[in-house]
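Work through the exercises below with the coordinates open. Each task is followed by a stepwise solution.

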Amino acid sequence: MTLPVIRITLDPPSSQYQPGDRLSGRLTAEGAQPAKVRAVELSVLWYTAGKGDEDMAVHHFERLVDEPGRPLDLRVSHRFSTVLPASPLSYDGLIVKVCWCVRARLFLPYGLESMAEAPFRLGQVTAATEVSATDIADTDGEGRNE
Amino acid sequence: MSGAFVNLLDAPPSRFDNPFATCWVRPGALAFRFPPGTTAEKLVATLAEQNWRGAIVGPHGSGKSTLLETLKPVLSAVGCRVHTIVLRDGQRRLPPGFAGDLGSKVIGVRDASHKDIIVVDGYEQLGWLSRVRLRHFCRRHAAGLLVTAHAPCGIPMLIQLSPALDLVEQLVAELALKVSTPITKSHVAASHACHGSNVREIFFALYDDHEGLRCRG
């Protein structure tokens, strides 16, 4: 069975958002007809990724189900929209990252699943950078000179 | 490991930034690599021959928990009911209510078609009295006992794990298929020389190496 190709398209301006901004977009699944989609779950969520324990939370969730009289046809785009919260802000750290994304999961016959994600950034926290021992020594020296 | 590595610092952060992040390397996420001639089915057959008693022995981070996760579905497929106890942070005693809770599960629904297996991840942390209680419990309820430990522990050994450099290289290559990385074989060799068979620590070190190279572009 060929799995449908999920496409999540975020509306302009970009994948950069601020707290309180409205995030909107559309979801389509190409080739969804041969492999009939039983349900689709769309989430706007954040998760942590890094070296340690992981955390995640779902900010926005919707589930569409294929029902008699209301067939689920994802060849026609499904629109979604939500207002983004104040936190947590995206963070590209060295040990841990806070990642936001729109995630879609398609549930297909025979227990098959297909998933796609569209990452985006919430806020403007500067990415972490490596600091060498020399950099720290230089900074200390500058402090003393002042 | 991958020539297609690109600097993604301008892209939103995601788990695809580092192939050594927890989500890619935790037990169950990365398939256990069996030594040549060994399979999950063979290990379960050996466990049955040992009267369903066996220890997976190996140092920290050598893949014991990953192997347990791999064996569980195979045990279920041969009609075993698996009851797992995970011991962490120097937990020297069995969980409170262990005998009562597990006893009622094991005894309450015992039938000839099923074999109950108590799986203990981190057996070496238990004090001797807790070990005696556990073994007595298993004998009393005719349950099997499969444990992980850092050293031989009085339970017949099922397999001893000691991942070599070539195995770590294979695992890193598999991870690099999912997420591109500037990590080379020399990074892997250096990390293996530093951390030995502790693949978990090797992955931690490679995570840092990857982030460092990523930051430097």
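**Exercise 1. One cysteine**

Task: Is B:C138 buried, partly exposed or exposed? Then find its place in the fold and its contacts beyond the local sequence.

Solution.
- Step 1. Count neighbours. B:C138 has 18 other C-beta atoms within 10 Å, so B:C138 is partly exposed. The cut-off for a buried residue is 20 or more, and that for an exposed one is 12 or fewer.
- Step 2. Note the source. The model is predicted, and every value here is computed from it.
- Step 3. Locate the residue. B:C138 sits in helix α5 of chain B, residues 128-140.
- Step 4. List contacts, skipping neighbours within four places in sequence. They are B:I118, B:A143, B:G144 and B:L145.
- Step 5. Check one distance. B:I118 is 20 residues away from B:C138 along the chain, yet their C-alpha atoms are separated by 7.7 Å.

**Exercise 2. The sheet of chain B**

Task: Give the strand order of the five-stranded open sheet in chain B, and say which strands stand at the edges.

Solution.
- Step 1. Read the order. It is β2-β3-β4-β1-β5, with parallel pairing.
- Step 2. Find the edges. β2 (80-86) and β5 of chain B each have a single partner strand, so one side of each is left without a neighbour in the sheet.
- Step 3. Add the twist. From one strand to the next, the average is 15°.
- Step 4. Take one pair. β1(B) and β4(B) are parallel and share five bridges. B:V57 is opposite B:A149 of β4(B).
- Step 5. Place a helix on the sheet. α3(B) lies across β1, β2, β3 and β4 of chain B. The angle between α3(B) and β2(B) is about 155°.

**Exercise 3. Two nonpolar cores**

Task: Which residues of the largest nonpolar core touch the most other members? Which elements supply the core?

Solution.
- Step 1. Rank the members. Of 30 residues, B:A55, B:I56, B:I117, B:V120 and B:V147 touch the most others.
- Step 2. Map the core to elements. At least two residues each come from α2 (40-49), β1 (53-57), α3 (64-77), β3 (115-121), β4 (144-149) and β5 (157-160) of chain B.
- Step 3. Look for a second core. Another one, of 26 residues, lies apart from the largest. Among its members are A:Y17, A:V102, B:I183 and B:V199.
- Step 4. Zoom in on B:V120. Beyond four places in sequence, B:V120 contacts B:I85, B:L87, B:L134 and B:V147.

**Exercise 4. The faces of a helix**

Task: Why do the buried residues of α7(B) line one face of the helix?

Solution.
- Step 1. List the buried residues of α7 in chain B, residues 185-195. They are B:V188, B:S191, B:H192 and B:H195.
- Step 2. Look down the axis. The buried residues of α7(B) fall within an arc of 100°, so they line one face.
- Step 3. Recall the geometry. An α-helix has 3.6 residues a turn, so residues three or four places apart point the same way.
- Step 4. Turn to the other side. There B:S186, B:A193 and B:C194 are exposed.
- Step 5. Find the cover. α6 (165-178) and α8 (199-215) of chain B are included in what covers the buried residues of α7(B).
- Step 6. Inspect the end. Just after α7(B), B:G196 has a positive phi of about 60°.

**Exercise 5. The contact between the chains**

Task: How many residues does each chain bring to the contact, and which element of chain A gives the most?

Solution.
- Step 1. Count both sides. Chain A brings 21 residues and chain B brings 14 residues.
- Step 2. Assign the side of chain A that touches chain B. β4 (39-50), β7 (91-92), β8 (96-107) and β9 (113-122) of chain A each give two or more residues.
- Step 3. Pick the top contributor. β8(A) gives the most, with five residues.
- Step 4. Sort by class. This side of chain A has ten nonpolar, five polar and six charged residues.

**Exercise 6. The two chains as wholes**

Task: Describe the make-up of chain A and of chain B.

Solution.
- Step 1. Take chain A. It has one helix and nine strands, in the pattern β-β-β-β-β-β-β-β-β-α.
- Step 2. Take chain B. Chain B has eight helices and five strands. Its pattern is α-α-β-α-β-α-β-α-β-β-α-α-α.
- Step 3. Give burial. In chain A, 22% of the 146 residues count as buried. In chain B, 35% of the 217 residues do.
- Step 4. Give contact range. Among contacts with a separation of 6 or more, residues 24 or more positions apart account for 66% in chain A and for 82% in chain B.

How values were computed: Residues numbered from 1 in each chain as written. Chains lettered and ligands numbered in written order. Predicted model: local features only at pLDDT ≥ 70, side-chain atom pairs only at ≥ 80, totals over all residues. Helix = DSSP H or I, 4+ residues; strand = E, 2+ residues; numbered from the N terminus. Arc of directions from axis to C-beta. Contact = placed C-beta atoms within 7 Å. Core = buried A, V, L, I, M, F, W, Y, C linked by C-beta atoms within 7 Å. Pairing = 2+ DSSP bridges. Axes fitted to C-alpha atoms, helices over the stretch in contact; angles between N-to-C directions. Nonpolar A, V, L, I, M, F, W, Y, C, P; charged D, E, K, R; others polar.
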